[in-house]
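Hi everyone, thanks for making time for this. I'd like to walk you through a structure step by step, so please have it open while I talk.

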Amino acid sequence: FVTVRPPALENPGEGVPAFFKSMGSDSPARPRQKFCGMFCPVEGSSDSKTLDFDALSMCRGKSDGRVIDRQTDISQPRKVEIRESTGKEALQNLDDKRSDRLLIKGGKIVNDDQSFCADIYMEDGVIKQIGENLIVPGGVKTIDAHGRMLMPGGIDVHTRFQMPDRGMTSADDFYQGTKAALAGGTTMIIDHVVPEPGVSLISAFEQWREWADSKSCCDYSLHVDITEWHRGIQEEMEALVKDHGVNSFLVYLAYKDIFQLTDAQVYEVFSVIRDLGAIAQVHAENGDIVAEEQRRILEQGITGPEGHVLSRPEEVEAEAVNRSVTVANQTNCPLYVTKVMSKSAADVIAQARKKGTVVYGEPITASLGTDGSHYWSKNWAKAAAYVTSPPLSPDPTTPDYLNSLLSCGDLQVTGSAHCPFNTAQRAVGKDDFSLIPEGVNGTEERMSIIWDKCVVTGKMDENQFVAVTSTNAAKIYNLYPRKGRIAVGSDADLVLWDPDFTKIISAKSHNSTVEYNIFEGTEVRGGPLVVISQGKIVLEEGNLHTTEGSGRYVARKPFPDYVYKRIKARSRLAELRGVPRGLYDGPVCEVSVTPKTMTPASSAKTSPAKQPNQPVRNLHQSGFSLSGAQVDDNIPRRNTQRIVAPPGGRANITSLG
Amino acid sequence: ADMCCLQGKSNQFASDRLLIKGGRIVNDDQSFHADIYLEDGVIKQIGDNLIVPGGVKTIEANGKMVIPGGIDIHTHFQMPYRGTTTVDDFAQGSKAALAGGTTMIVDHVIPEPGSSLMEAYDQWRQWADEKACCDYSLHVDITHWNDSIKQEVDNLIKEKGVNSFQVYMAYKDYYQMSNSELYEIFTFLAERGGIVQVHAENGEIIAEEQARMLQMGITGPEGHVLSRPEELEAEAVFRAITIASQTNCPLYVTRVMSKSAADIISQARKRGNVVFGEPITASLGTDGTHYWSKNWAKAASFVTSPPLSPDPTTPDYLNTLLSSGDLSVTGSAHCTFSVSQKAIGKDDFTQIPEGVNGVEERMTLIWDKAVTTGKMDENMFVAVTSTNAAKILNLYPRKGRIAVGSDADLVIWDTDSLRTITAKTHNSVAEYNVFEGMELRGAPLVVICQGKIVLEDGNMHVTSGVGRFIPCAPYPDYAYKRVKARKQLAVLRAVPRGMYDGPVSEFSMSRGGTPSASARTSPTKQPVRNLHQSGFSLAGPPTPDDIPIRPAGRRIVVPPGGRSNITSLS
């Protein structure tokens, strides 16, 4: 097996100062070392420094003199101390030992804005108290965190568990998938409902609810994909937003003749989404070009998985991202780009954000952790395991680049797009790459990969890590602060994170059911030690205690502040105005009846979203007023009435003024 | 005050022989002092102390600049529009061109959707041959796409001297092409050595925005620009570049009207795409604030697509990019309608016929905005007004250069002339001039077309019908050298693998499946990815060059590299 990392250089520091070599990057050419240059963390060194500081500033007044003691020797089995109440205490506690009450002592709480030391007390799946010397009932199960980081459970914003595809179903169902998620420190997933074109959105939604309610082990929510467009769909979207707690819809610019919508349809969908206060998600690839390229590649006799990436070059992704940004700007609709897989797509998003567009980019575990060189693997089954759309970029520097943009905030959230198929299912496309079912694994690996690629390398700090794995997702989808934050009143979804934990990812040990893991052989540092979901310990000492069907559906309200504050302000800003003019009374040329194009022949389905609350152009971009400020802007325009003496005098059409 | 004087010694009218003495010849690469001797419409000699026959008409240039005549690469003379035609026909239009120092125009043939390209081409040839006063050439617009059009395009390239074709991304349900059609057209033209021109605006979104504007009660010309924001132009340019890059086809963007569209082009050029941008006189000289004019007729006279940007800093920005070489050529998109024609859309801006003037003002305006301001030098001026256009159309060095053997299309340029543009004095028939009142420096003093003096002392001596059609050959080096090299570079290779012999899931073909492309088959030409963009080889490093691709359908018992075992995890 060829691992992602090429063999180590003989002399890694040769010719280049050590600090340049290791600073802020995870260059594959650099050997992984436990003790290397000055910017590589010596075992435990950074931790004790930051902890000491925290202990001085945040934990002042701690009277018990408890020494925060880190477990530094990773050769010993990882342990946390979980004490059950015993004896008398147990008697006082009427509940059995399955009590929902849980106390975490001595942890360093890491939110997206700050880290501090405090204890946490949870009850009934909710965080009840945070602070020092908490007064808690007797008989409470206690976890001693020993100063380790305690962060909000991850939110995987993009999964496709149990997804139907041409009579098959993706290999991990909601049970298997959520179990894998929990094993990786993710305590909430948001799955995509994919209605077959022609099927009602609501009934598809209810189908997914049924599947997930019966099997999911962690809380979940649902995005709904718009796979066709007509007026009925609009009504269903309204119902989903108002009655079913859905606030995000995905449109496809790819999959020609199946899911793909035209630009005009996308415009109309976005207008509806904006009026409903939801988030427009987009699968950005130019499906027309992809279809042409697929045919060309097949014609050339290229039928293997390498054809998948050859027929979907990254430009095609960047083009579609650019187009959807344009439509979103026109409709003043917030945009969310799923599966950012290439440098150029990420660049387009970063540029659009600089211009003021409300757009979010979601790289996935696969694009952050591996690249598309594997499509050329001699092992068909291995190559096929990487097939997903947009494809992984064959450019091996892509993951590093995307991690950098994620760290600087140009990309905001991470999902996994977890949708694996087993080899027999993939083999449907053994003679034609365009038939290979698409999707890769990643829900279990997501947090560890990001920690390893971003935090260990110094690209981001622990707070930014929480932001991109959890908080930003909660904010965008209006789950904040119930999810995505450790605060009193928030859900008790927590992860005790061990930055020293190392493991080698392998299909042999992962929780997914598929035979291949696209990160096979990757060594990652950082992993969850204890995972608490709904106030219950679901992972400890490497053992999972999940309960099928315990996951709740989390409804989401429209108009998330994080997204819509700006949108609302902009829609108030720009009201377009006509220019009041005298009626033109000069000669008019005769025209033949042949209708020229110019009548805006909109699609037969009338545009559903025509409300006075209109989108505006992005006024960030230029300093002039689009309403064409005129001195008499305050004079109301009369539509039908002929103005005998128009303001500014009668317009004389023959004058050259 | 006129420093040029004619010294015709023999029969002034019959003689085609002309000597220009004491001029400073300005080409796109250098300037130098030399005399020029013209005969039979061709430059015969360049140098000092030329030996010329007696009785030659002589022009004393007195050190003034002699430049190659301008080439206006984009005009719409005599364009039919719903039963009427644009007011400037080929006679009037080419006269205006000559008055401004432009000695060749390239007009657009616009066939009605559904009609034959060839018939439309013949029609335009007939109109132009009858009336044009200067040499001309033709672009043909592809307004619909099917196999017979493909055949006609092929014939036009091979037999009719057309090498450039325009497609529209706007005008929904009329001229607009889908992405798949664009892909097919680009692929086809790349194979035939043609230049793809594109009218870049997202017609789908425009249609939606137009409906919205009208619903809001905005019916005047300001609705035109409000419904076509510059982002839509930039989006379409981006998309066209993506498709051109996929199909390895040279791209030419007509009418660059906004900063953002120009930015996309310059970014693409930096990435190595073969793309040329054409700002027009109007976008270089004026802006879209006039759409809000109280005078309806004036506002309507600015209506063109993509619209002039309401951002008043746009012209300066475009001039800068033109000077830096990010934009390559300039046209006028001269397409003038009278006020009564524009008034067809008096109650609905979407009905206003589109087009502005600019063929006469083009060279003067660029001189004033770009050369007198120090953005570009005189050589660059020649490049953007003439030479680059000639290179792109494969007319170089017959046009676009002062050299022995080139056509005798010359302009003696007066850098000191100062005049005010006004509809009262311009050569167009239109009542409005979008540059009304502008004071511009620099103008032609003498214009020589086909070896004859057509402008001197402010007097024009044009002859309708003398203009010749200049055929353009395919595969212009300027655009295709790089394209050809890239084509040779990238051959995609399949990975030789053992046949998969494991279990296969049951599945239904109800959906997904083979991407059903449009019925028209795509030509099998192989465009390549732009290898400028990344350092890795697309052929895939693990494939040794000597291993042949397994013939499809034949099972290999011992595949190269050993039998692959699908159940192993490595």
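**Salt bridges, buried residues and a contact between chains**

Let me start with one pair in chain B: B:Arg401 and B:Asp28 form a salt bridge, and their closest N and O atoms are 3.4 Å apart. Find B:Arg401 in the loop between helix H14 (378-392) and strand S15 (410-420) of chain B, then find B:Asp28 in the loop between strand S1 (18-26) and strand S2 (31-39) of that chain; the two are 373 residues apart in sequence, so this pair ties together distant parts of the chain. Are these two residues buried or exposed? Both B:Arg401 and B:Asp28 are buried.

Before going further, please keep in mind that this is a predicted model.

Now, how many salt bridges does a search of the whole structure find? Over all chains, the answer is 60. I'll show you two from chain A.

In one of them, A:Lys475 pairs with A:Asp112, with 3.3 Å between the closest N and O atoms. A:Lys475 sits in helix H17 (residues 462-476), while A:Asp112 is in the loop between strand S2 (102-110) and strand S3 (115-123), so the salt bridge ties together parts of chain A that are 363 residues apart in sequence. A:Asp112 counts as buried because its relative accessibility is 18%, and the cut-off for buried is under 20%.

The other pair is A:Asp410 with A:Lys354, where the closest N and O atoms are 3.8 Å apart. Here A:Asp410 is in the loop between helix H14 (398-408) and helix H15 (423-426) of chain A, and A:Lys354 is in helix H11 (residues 343-354), so parts that are 56 residues apart in sequence are tied together. What I like about this pair is how its partners sit: A:Asp410 is buried at 16% relative accessibility, whereas A:Lys354 is exposed at 65%.

Salt bridges can also link up into a network. One such network in chain A is made of A:Asp219, A:Arg482, A:Lys483, A:Asp491, A:Asp493 and A:Arg552.

Let's stay with helix H14 of chain A for a moment. Which of its residues are buried? They are A:Thr398, A:Pro399, A:Leu402, A:Asn403, A:Leu405, A:Leu406 and A:Ser407. In chain A, these buried residues pack against two strands, S14 (335-340) and S15 (359-363), and against helices H11, H12 (365-369), H16 (446-455) and H17. You may recognise two of those names: H11 holds A:Lys354, and H17 holds A:Lys475. Just after H14(A) comes A:Gly409, with a positive phi near 95 degrees.

What about disulfides? In general, a disulfide is a covalent bond between the sulfur atoms of two cysteines. How many does this structure hold? Zero, over all chains. Take A:Cys218 as an example: its nearest cysteine sulfur belongs to A:Cys217 and is 7.0 Å away. The cut-off is 2.5 Å, so that distance does not count as a disulfide. A:Cys218 is buried, at 0% relative accessible area, and A:Cys117 is buried as well, at 8%.

Next, a place where the two chains meet. B:Ser505 is in the segment after helix H15 (477-489) of chain B. What does B:Ser505 touch in chain A? Its contacts there are A:Met168, A:Ala424, A:Gln425 and A:Val428. A polar atom of the B:Ser505 side chain lies 3.5 Å from the backbone nitrogen of A:Gln425.

Finally, let's zoom out to whole chains.

- Chain A has 18 helices and 19 strands, and 61% of its 657 residues count as buried.
- Chain B has 15 helices and 18 strands, and 65% of its 570 residues count as buried.
- Chain A has an accessible surface of about 24,000 Å², with 52% belonging to carbon and sulfur atoms.
- Chain B exposes about 18,800 Å², with 49% supplied by carbon and sulfur atoms.

There is also a record to mention. An unreviewed UniProt entry lists "domain: Amidohydrolase-related" at residues 149-538 of chain A, and an unreviewed entry lists that domain at residues 65-454 of chain B. Over residues 149-538, chain A is 39% helix and 19% strand, with the end C-alpha atoms 17 Å apart. For residues 65-454 of chain B, the values are 39% helix, 19% strand and 17 Å between the end C-alpha atoms.

Thanks for listening!

Definitions and conventions: Residues numbered from 1 in each chain as written. Chains lettered and ligands numbered in written order. Predicted model: local features only at pLDDT ≥ 70, side-chain atom pairs only at ≥ 80, totals over all residues. Heavy atoms only, no water. UniProt positions renumbered as here; feature names shortened; annotations may be inferred. Helix = DSSP H or I, 4+ residues; strand = E, 2+ residues; numbered from the N terminus. Salt bridge = Lys/Arg side-chain N within 4 Å of Asp/Glu carboxyl O. Buried < 20%, exposed > 50% of the residue type's maximum accessible area, 1.4 Å probe, protein only. Areas by Shrake-Rupley, 256 points an atom, 1.4 Å probe, with all protein chains shown as cover. Contact = heavy atoms within 4.5 Å. Polar contact = N/O pair within 3.5 Å; in protein donor to acceptor, adjacent residues only side chain to side chain. Lists of a residue's contacts leave out its neighbours within four places in sequence.
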